[in-house]
Amino acid sequence: MSETDTRTTKEMSRRPGRERGRDDGKFGQYGGQYVPEALMPAIEELADAYERYVLNNEDGFMDEFRERLADFGGRPTPLQRADRLSERYDTEVFLKREDLLHGGAHKLNNALGQVLLAKYMGKERIIAETGAGQHGTATAMAAAHLDMPCTIYMGERDINRQRPNVFRMKLNGSEVKPVTTGRGTLKEAISETMRDWAETVEDTHYVIGSIVGPHPFPVMVRDFQAVISEEAREQAIEKTGGLPTDVVACAGGGSNTMGTFADFVDDESVALHAVEAGGSTLQVDEEEGVAPNSASLYTGDEGVLHGARTKLLQDSDGQIMESHSISSGLDYAGVGPELAYLVDEGRVEPVAVDDDAALEGFHRLSNTEGIIPALETAHAFGFLEEHHEELGDRVVVNVSGRGDKDLDAAIEETDQRDVANAPDMSMFTEGI
Amino acid sequence: MAEPANSAAIGEAFADGPAYVPYLVVGDPDYESSKAYVEALDRGGADVIELGLPFSEPIAEGSTIQEALVRSLDAGMTPDRFFAFAEELDVDAALVCMTYYNLIYQYGEGEGPRPFVERAAAAGIEGLVVPDLPAEEADPLREACDEFGLDLVFIVAPTTRADRLDRLMERVSGYVYVQARLGTTGARDDVSDQTTDSLDRLREYDVPKAVGFGISTGDHAERIVAGGADGIIVGSALVDVVADGVENDLSTGEVADRLEALSRELKAGAERGYRSRTEPVESA
């Protein structure tokens with residue numbers, strides 16, 4: 001790398017839109033470090049490593065990260081004009097194709113960054129939690145690529161829902177540990193991974209899969225994912241001569257959301273839409289502790305979960321509710337503290353799209369554009385259908401992942417309801 | 001440096017000999033049995049009792065205590081029922097509430113920890129332990145505890161370094177919870193070298209040091225107190241007794257008897273350890 005290249009890398013990671021939260025992990029009242037004392041030294045060490053390697057490119061960390069993202073990951077991903085959708089909505093619709101990143105989702109940006117960082121820090125082992133299995137598979141790929149032993153915690157119920165991803169992790173040499181406590185989904189897997197970390201902090205790095213958790217995870221994961229908006233912004237200007245009017249991304253924990261928004265936050269003319277899983281309804285069942293949705297930005301209250309103060313789905317006592325979504329990747333009761341802050345500031349507009357509309361979006365992108373999206377991503381296309389009249393004339397939508405992992409679930413869910421634009425698959429679904 | 005105890009009861013618990021500090025999850029496996037169990041700890045010699053108020057995401061607990069928290073939540077435990085429970089207890093020991101910050105933060109009207117602390121004080125709670133609240137985020141709770149005369153206990157881990165130790169010790173009161181080893185709670189067979197290191201690092205601070213994580217027998221208790229601890233905290237070994245009662249369908253009376261017996265063993269061990277410190281040992 002020449003000096004000029006190094007400086008460019010450094011300047012990129014110092015972009016103004018990414019300064020929020022870097023010093024102290026606070027986004028207004030959100031963020032912070034609510035973790036057991038035994039973990040505090042580890043996250044302080046991580047904050048120090050983040051500053052040295054990520055922010056200051058020490059030992060050429062960011063150069064190596066970008067090189068590996070290109071050669072191993074396949075970056076940059078294209079920004080593609082969606083011709084049929086543009087015609088349908090009478091506006092220019094562009095797709096940021098993160099589904100074409102190695103592994104089929106944006107998750108690799110973060111996993112590769114953190115596993116490489118762990119290596120620079122001299123850690124010897126990787127652990128991670130996974131819900132849908134997308135972060136787990138990305139971490140397993142990155143760990144194999146960088147020759148690090150890796151253990152993935154996954155809820156038992158998610159293991160049953162996402163078998164192909166379990167196979168992928170194991171094929172890449174990771175150990176997959178089932179979590180049987182609670183309902184056996186993402187939030188239990190996070191608690192279990194934190195427990196492992198509490199015993200092994202000295203030689204182990206915990207790769208958190210989203211912009212959640214204690215500082216420095218929210219800023220660090222955002223910075224690794226911000227390559228999405230960095231590329232999309234340049235590509236949009238190159239292709240259309242200007243900035244988009246609207247940027248749309250689905251939001252669960254929020255890593256693809258914040259990655260897609262990061263460099264647009266300071267562009268005040270660009271409207272930012274965070275599309276959450278509205279599930280079956282936005283009403284909650286306080287008695288049962290169940291929220292049949294995952295819309296924590298749209299409906300949640302401030303609280304403390306998994307190391308950070310943020311917006312949560314919780315009951316009036318502060319117990320965390322069981323969330324729900326047709327897409328397990330969005331099925332989480334919290335959300336990144338930075339998104340909670342940007343929503344309060346009025347910079348990001350949260351909107352909920354329910355299971356039915358997401359499924360319709362899934363079929364629309366599949367049969368009009370030839371792209372089968374992840375069910376998570378499908379929520380963004382449900383939003384487009386429902387809200388296109390409120391949007392400007394140049395819209396960028398992040399296709400955060402491809403839908404191969406969801407085929408069984410999508411066909412089964414389609415079979416259970418009346419989805420107008422779905423193909424007739426009844427010959428295959430008898431007896432499901 | 002460390003503040004003296006706000007609560008006279010906690011101060012007294014550590015004033016005269018080693019303190020036995022048992023922990024149980026309130027409402028495990030149900031409200032009435034749980035009350036009998038906590039009172040058994042008191043009869044077994046408890047000086048302070050840590051009452052666990054269950055949170056749905058207990059990231060600092062091992063599987064034994066996590067399962068107990070789930071049993072209690074399933075049986076309907078809430079913060080309000082927890083306070084009613086504390087009020088109904090007939091015990092001599094000082095009561096400390098151990099829970100996670102979100103429950104403290106959400107309680108009552110308005111924002112912040114004050115309503116929870118006010119209600120806890122009214123229910124006779126003398127102190128709080130909040131495992132997911134580091135010193136950096138603790139000032140609002142510290143203020144509320146000072147206002148209502150509660151102590152705020154912090155956990156010191158084997159990995160807590162000098163600068164963090166100072167920050168913790170500036171805010172702690174009542175006693176400091178010395179985590180005997182890395183990891184989450186759970187009964188273990190050995191006594192870690194990490195305990196001795198931690199006690200050495202804390203020697204200069206003038207606040208009682210109670211060691212927890214993994215203590216399950218009178219012998220453990222003896223060795224830990226002989227090593228310089230001012231008290232022992234026992235959780236998982238006692239919760240195991242409750243869990244065993246659930247699994248084998250034992251009567252409440254029988255489980256209570258076992259808890260009382262184990263408490264006597266632990267307390268006696270702690271006292272032996274204390275005597276070995278104050279009396280000359282025959283063969284050193």
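**Figure 1. Burial and overall dimensions of chain B in the predicted model.** Of the 284 residues in chain B of this predicted model, 56% count as buried. Chain B holds 12 helices and nine strands. Its radius of gyration is 18 Å, close to the 19 Å that the globule rule gives for 284 residues, so chain B is as compact as a globular protein of that length. Along the principal axes, the C-alpha atoms of chain B fill a box of roughly 55 × 45 × 30 Å. When contacts in chain B between residues at least 6 apart in sequence are considered, 75% join residues at least 24 apart.

**Figure 2. Helix α12 of chain B and the elements it packs against.** Helix α12 of chain B covers residues 252-278. At 1.5 Å a residue, its 27 residues should span 39 Å, and the end C-alpha atoms are 39 Å apart, which agrees. The buried residues of α12(B) are B:Val255, B:Ala256, B:Leu259, B:Leu262, B:Ser263, B:Leu266, B:Lys267, B:Gly269, B:Ala270 and B:Gly273. Packed against these buried residues are two strands, β1 (19-25) and β9 (231-234), and the helices α2 (31-43), α10 (218-226) and α11 (236-247), all of chain B.

**Figure 3. The side of chain B that touches chain A.** Contacts link 31 residues of chain B with 26 residues of chain A. On the chain B side, α5 (101-106) and β6 (155-156) each supply at least two residues. The most comes from α5(B), with five residues. By class, this side of chain B divides into 14 nonpolar, 11 polar and six charged residues.

**Figure 4. The two domains of chain A and the contacts between them.** Chain A is divided into domain 1 (3-73 + 107-221) and domain 2 (79-103 + 227-429). The centres of the two domains, taken over C-alpha atoms, are separated by 22 Å. In chain A, 47 residues of domain 1 are in contact with 36 residues of domain 2. On the domain 1 side, two or more residues come from each of β2 (30-31), α5, α6 (134-145), α7 (156-161), α8 (163-171), α9 (186-200) and α10 (217-225) of chain A. That side of domain 1 has 20 nonpolar, 19 polar and eight charged residues.

**Figure 5. Surroundings of A:Lys107 in helix α5 of chain A.** A:Lys107 lies in helix α5, which covers residues 107-120 of chain A. An unreviewed UniProt entry annotates A:Lys107 as "modified residue: N6-(pyridoxal phosphate)lysine". A:Lys107 has 30 C-beta neighbours inside 10 Å and therefore counts as buried. Leaving aside neighbours within four places in sequence, A:Lys107 is in contact with A:Gln134, A:His135, A:Ala138 and A:Gly209.

**Figure 6. Helix α2 of chain A and the loop that follows.** Helix α2 of chain A covers residues 40-55. Its 16 residues should span 22 Å at 1.5 Å a residue; the end C-alpha atoms are 21 Å apart, which agrees. Buried in α2(A) are A:Met40, A:Ala42, A:Ile43, A:Leu46, A:Ala47, A:Ala49, A:Tyr50, A:Tyr53 and A:Val54. Just after α2(A), A:Asn57 takes a positive phi of about 55°. A:Asp59 is found in the loop between α2 and α3 of chain A, and its phi is near 55°, a positive value in a residue other than glycine. With 11 C-beta neighbours inside 10 Å, A:Asp59 counts as exposed.

**Figure 7. Backbone details in loops of chain A: two cis peptide bonds and a positive phi at A:His306.** Most residues other than glycine have a negative phi, and most peptide bonds are trans. The peptide bond from A:Arg75 to A:Pro76 is cis, with omega near -5°. A:Pro76 is found in the loop between α3 (61-71) and β3 (79-81) of chain A. A cis peptide bond also joins A:His215 and A:Pro216, where omega is about 15°. The loop that holds A:Pro216 runs between β8 (204-207) and α10 of chain A. A:His306 has a positive phi near 50° and sits in the loop between β11 (301-305) and β12 (308-312) of chain A. A:His306 counts as buried, with 28 C-beta neighbours inside 10 Å.

Notes:
Residues numbered from 1 in each chain as written. Chains lettered and ligands numbered in written order. Predicted model: local features only at pLDDT ≥ 70, side-chain atom pairs only at ≥ 80, totals over all residues. Contact = placed C-beta atoms within 7 Å. Helix = DSSP H or I, 4+ residues; strand = E, 2+ residues; numbered from the N terminus. Nonpolar A, V, L, I, M, F, W, Y, C, P; charged D, E, K, R; others polar. Rg over C-alpha atoms; globule rule 2.2 N^0.38 Å. Buried ≥ 20, exposed ≤ 12 C-beta atoms within 10 Å, placed from the backbone. UniProt positions renumbered as here; feature names shortened; annotations may be inferred. Domains from an automatic or database assignment. Expected span 1.5 Å × (residues − 1).
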